[in-house]
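Colleague: Got a minute? I'd like to go through this model with you.
Modeller: Sure, put it up.
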Amino acid sequence: MKKITGLLCLILAFHSGKGQSKVFREVNKDIETKIETITQDNSLVGYLVFTKLEKISADSFRYKLSFLDENLNDIGTYSFSNQNLQIQDVAFDNDVLCVGYLRNDAPQEMKPREFAQKIKKVKSSVYLQFLNLNGQLLNDHSEPVNASYSEYEFIPAKVYFTTIAPVRSFKGSLTTPIRIRNIPGTGFCVTYAESKFVNGSKISDPNTFLNAGNKQWVRSFDYSGKDLWKKQLPDSKVLYSIALTSASNIYILRKSLNKEVIAATEGGFDLLSLRASDGHLAKSQKLAGKDGNTLKVLNFSNEINQNAPIVSGLIVKENIGTVSEKKIAKGQNMGVFTLNAEDSVFTTNMSYWSKGEYKPQISKKSYLTEARSYPGLNYAFTDPENNTYFVGTGIKKRVRWGSIAAAVITAPLLVPPIYIFALGGSVKYRYQDAVILKQDAKGKLSFHANLESNNSKKNRFSLSSFKDKSYFTVNQSKNLVLNDEKSIFIYDIPSKTVLKKIAHKEDGVKTEIFKAKEGHIMIAEYNANDKSTKLSIEAL
């Protein structure tokens, strides 16, 4: 399940286009609305609109859930009252919705001097609802949990030089948020990890965190909301985890924090396989290369075959620390891998360009001859033919001839060259067009395409705003959607072409694109002039 967006201060106001579009308008700043996708067997089947209405006590509110189908048609609603709720995930199966919240009894506004004391007294829980599409509550479940709390809003006094004190609002979080997946024929799997914060105090020292850890839970419920089993996963020093399910197995990918990972932040992944019937741990495997190299996961998915999840990513040199353009250009990444997990049998394809097997297309340091750049890979996906594609942005490396010339000229003065290289360096990097590599089912790697994307300015420092992009695939992985800071690009993978380019901001309208039903995308258009958001479903 993926969160689509946080549409704040909105209520449903207009519906048109045979269920293919809806318009939301801002009418009350105290009303908060969020839209969540509803998934079943990894396919999007609808949307859940969660609306926080009026406050009824210091820590309780009225809420409304609205159920929409994949075409945005209204199905049903459910209204209820409860304590502070943060919706985290939802799944669907056998005409039952399982909705997960992080719940707390904290007052939502307080004076700054009250914050430190009151936060320690907050009681939190994982709260689950089991509903049918007619808006009837079949069952609910609550489980105490350790959560951390942080300030997320500071409201200044409206009148200066008065006794009016600012107030603060805060929200809770878990180390791993609540994630819900359906188990076909059984019910639902719920996973989460309790926070590494203890009684409102942050454990900032890594060694303290290593000793304290956090509790990771996997739970199973049937369609009526009955608790089937509950397991605590081994090795509590986990930063985050992702769960996928099939009828017989639950697969969990985790990234752990340990002394080695503190020094080398790219790795630390392991993959667990649990029996769906009772939670028994059938297999656990740390992800590592043939020579003990680190494996950095870029994607974990079972969209193509629900019974066989795929893990894919980069083979990285050991103890390389944080990623950088300079390290990539020096050969930090050694190749790519794809791991197929079916039941408790894991098979892996590893393609090493560092061994020179793919020259001249790809050099030992990953330089792409045709694209004339180094691949800054940050996403991967697999098609129905078991070809895995690795996607990222090309990194151009250029020498700063001006800095070198200035350093040579001022060399007799000794000090100026030091400042010139310290401030500007001798090399500059630039992020440019998207690059795609292809690994076939047998593990053979090749350069696939170099496609239009937004370029960054030349800079010797980290260019995070250009490399931190989001992706998703449509039409059985035939289309790839790239979302960056400026624009949205929709690519056709087989023909290696750009189908559409959409600006995020144009004529007062801000546009975002999200995954929708198969073969379609959801377009969200926020109009700043009339303060409305239009959601529409369009076919590719």
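Colleague: How many aromatic pairs does a search of the whole structure find?
Modeller: The search finds 15. Rings of Phe, Tyr and Trp (its six-membered ring) pair if their centres lie within 6.5 Å; planes under 30 degrees apart are stacked, over 60 edge-to-face, the rest tilted. One of the pairs is F50 with Y63, stacked at 5.4 Å centre to centre and 20 degrees between the planes.
Colleague: Any caveats?
Modeller: The model is predicted: local features need pLDDT of at least 70, side-chain atom pairs pLDDT 80 or more, while totals for chains, interfaces and linings use all residues. Numbering starts from 1 along each chain as its sequence is written, and side-chain values use heavy atoms, leaving out hydrogens and water.
Colleague: F50 and Y63, buried or exposed?
Modeller: Both F50 and Y63 are buried (under 20% relative accessible area, 1.4 Å probe, protein chains only).
Colleague: Which residues do ring pairs link into a cluster?
Modeller: The cluster holds F50, F61, Y63, Y78, F80, Y101 and Y127.
Colleague: What lies over the face of F61?
Modeller: K52, at 4.5 Å from the ring centre. A charge sits over a ring if NZ of Lys or CZ of Arg is within 6 Å of the ring centre and within 35 degrees of the ring normal. K283 does likewise over F346, 4.6 Å from its centre.
Colleague: New topic. What is the order of the open sheet of four strands?
Modeller: The order is β21-β22-β23-β24, with antiparallel pairing. Strands are DSSP runs of E, at least two residues, numbered from the N terminus; two pair if DSSP finds at least two bridges between them.
Colleague: And what is the bridge partner of F337 in β24?
Modeller: M350.

Terms used:
Buried means under 20% relative accessible area, exposed over 50%, partly exposed in between (1.4 Å probe, protein chains only).
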